[in-house]
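Welcome! Here is a friendly walk through one protein chain, from its sheet to its helices, cores and loops. Take a moment to look it over first.

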Amino acid sequence: MPTAAPQPSSSADPAAVEATCREHGLTRAEFRELHARCVGAKATAYCPYSRFRVGASLVSVDGVFFNGANVENASYPVTTCAERVAFGKAVTEGHRRIKAVAVATDVAPPASPCGMCRQFIREFCDLRAPVIMFDKDDNYIAMSLEDLLPVSFGPESLPPPGLLTG
């Protein structure tokens, strides 16, 4: 039986933000920075076809922030989501352990990362890592990656290199 989606909280509510930070191991400064960066990243989205702007921000375990926005293409499957743009930046700059992810859209309630992005996030985040989703009114839902992608397939699911020979 599917579980009910969590109810959004207001990013302007200090008690809600404090509870979210405590639950997910973030500082209030990290939460505020992730929020500001993912909202700001929406302005850089290239989405002439869907007009659906998405901004993403993530913070590495080393405290370095990376932003991304969706980049569409006339050949729709070639489109790259904001989350994967941000992760690509982080990975190519040597940051492969990500502490938290935030996304922002222009709709309400908050929209979650797509399935492909959830799997991509799984490669670089601990299952307890928070994914914070902000809507157009700055309300948010924060969930662990494990809650967004239960029974997931990750790097540890693969056998060691060379074990499987044909």
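Which residue in S6 does Ile-132 stand opposite? The partner is Ala-142. Keep in mind throughout that this is a predicted model.

## The sheet

Six strands make up an open sheet, and their order across it is S1-S6-S5-S4-S2-S3, with mixed pairing. At the edges are S1 (residues 9-10) and S3, each of which pairs on one side only.

Let us cross the sheet strand by strand. S1 runs antiparallel to S6, and two bridges join them; here Ser-9 has Tyr-140 in S6 as its bridge partner. S6 and S5 are also antiparallel, joined by five bridges, and the pair Ile-132 and Ala-142 belongs here. S5 and S4 pair in the parallel sense over four bridges, with Ala-104 standing opposite Phe-134 in S5. Finally, S2 and S4 run antiparallel, with seven bridges between them. In that pairing Gly-55 has Ala-104 as its bridge partner, while Ala-56 stands opposite Val-103. S4 itself is mostly covered, as seven of its eight residues are buried.

## Helices on the sheet

Two helices are worth finding next. H2 packs on the sheet and touches S2, S3, S4, S5 and S6, with its direction at about 145° to that of S2. H3 packs on the sheet too, touching S2, S3 and S4, and its direction makes about 140° with that of S3.

## A closer look at H2

H2 covers residues 28-41, which is 14 residues. From its first C-alpha to its last it reaches 20 Å, close to the 20 Å expected at 1.5 Å a residue.

Which residues of H2 are buried? They are Glu-30, Phe-31, Leu-34, His-35, Cys-38 and Ala-41. Looking down the axis of H2, you would find these buried residues within an arc of 140°, so they line one face of the helix. A general point helps here: an α-helix has 3.6 residues a turn, so residues three or four places apart point the same way. On the other side of H2, Arg-32 and Ala-36 are exposed. The cover over the buried residues of H2 includes helix H1 (14-24) along with S2, S3 (65-69), S4, S5 and S6.

## Two nonpolar cores

In soluble globular proteins, nonpolar side chains tend to be buried together. In this model the largest nonpolar core has 23 residues. Those with the most contacts inside this core are Leu-58, Phe-87, Ile-98, Val-101, Ile-121, Cys-125 and Met-133. Several elements supply at least two residues each: strands S2 (54-60), S4 (98-105), S5 (130-134) and S6 (139-144), and helices H3 (82-92), H4 (115-124) and H5 (145-148). The largest share, five residues, comes from H3.

Phe-87 is a good place to zoom in. Leaving aside residues up to four places away in sequence, Phe-87 touches Leu-58, Ile-98, Val-101, Phe-120, Ile-121, Phe-124 and Cys-125. Another core, of 14 residues, lies apart from the largest one; among its members are Ala-16, Cys-38, Ala-104 and Phe-134. Two of these names may be familiar, since Ala-104 and Phe-134 stand opposite each other in the sheet.

## Loops with unusual backbones

Most residues other than glycine have a negative phi, and most peptide bonds are trans. Against that background, three places in the loops deserve a visit. One is Arg-51, in the loop between H2 and S2. Arg-51 has a positive phi of about 60° although it is not a glycine. Is Arg-51 buried or exposed? With 63% relative accessibility, Arg-51 counts as exposed. The C-alpha atoms of Arg-51 and Asp-106 are separated by 9.7 Å, while the two residues are 55 residues apart along the chain.

Another stop is the hairpin of S5 and S6, which has four residues between the strands. Asp-138 lies in this loop, and its phi is positive, near 70°. At a relative accessible area of 31%, Asp-138 is partly exposed. Last comes Pro-109, in the loop between S4 and H4: the peptide bond from Ala-108 to Pro-109 is cis, with omega near 0°.

Notes
Residues are numbered from 1 along each chain as its sequence is written. This is a predicted model: local features need pLDDT of at least 70, side-chain atom pairs count only at pLDDT 80 or more; totals for chains, interfaces and linings use all residues. Side-chain values use heavy atoms; hydrogens and water are left out. A nonpolar core is a set of buried Ala, Val, Leu, Ile, Met, Phe, Trp, Tyr and Cys residues joined through side-chain atoms within 4.5 Å. Buried means under 20% relative accessible area, exposed over 50%, partly exposed in between (1.4 Å probe, protein chains only). Contact means heavy atoms within 4.5 Å. The expected span of a helix is 1.5 Å times one less than its number of residues. The arc is that of the directions from the helix axis to the C-beta atoms. Two strands pair if DSSP finds at least two bridges between them. Axes are lines fitted to C-alpha atoms, for helices over the stretch in contact, and angles run from 0 to 180 degrees between N-to-C directions.
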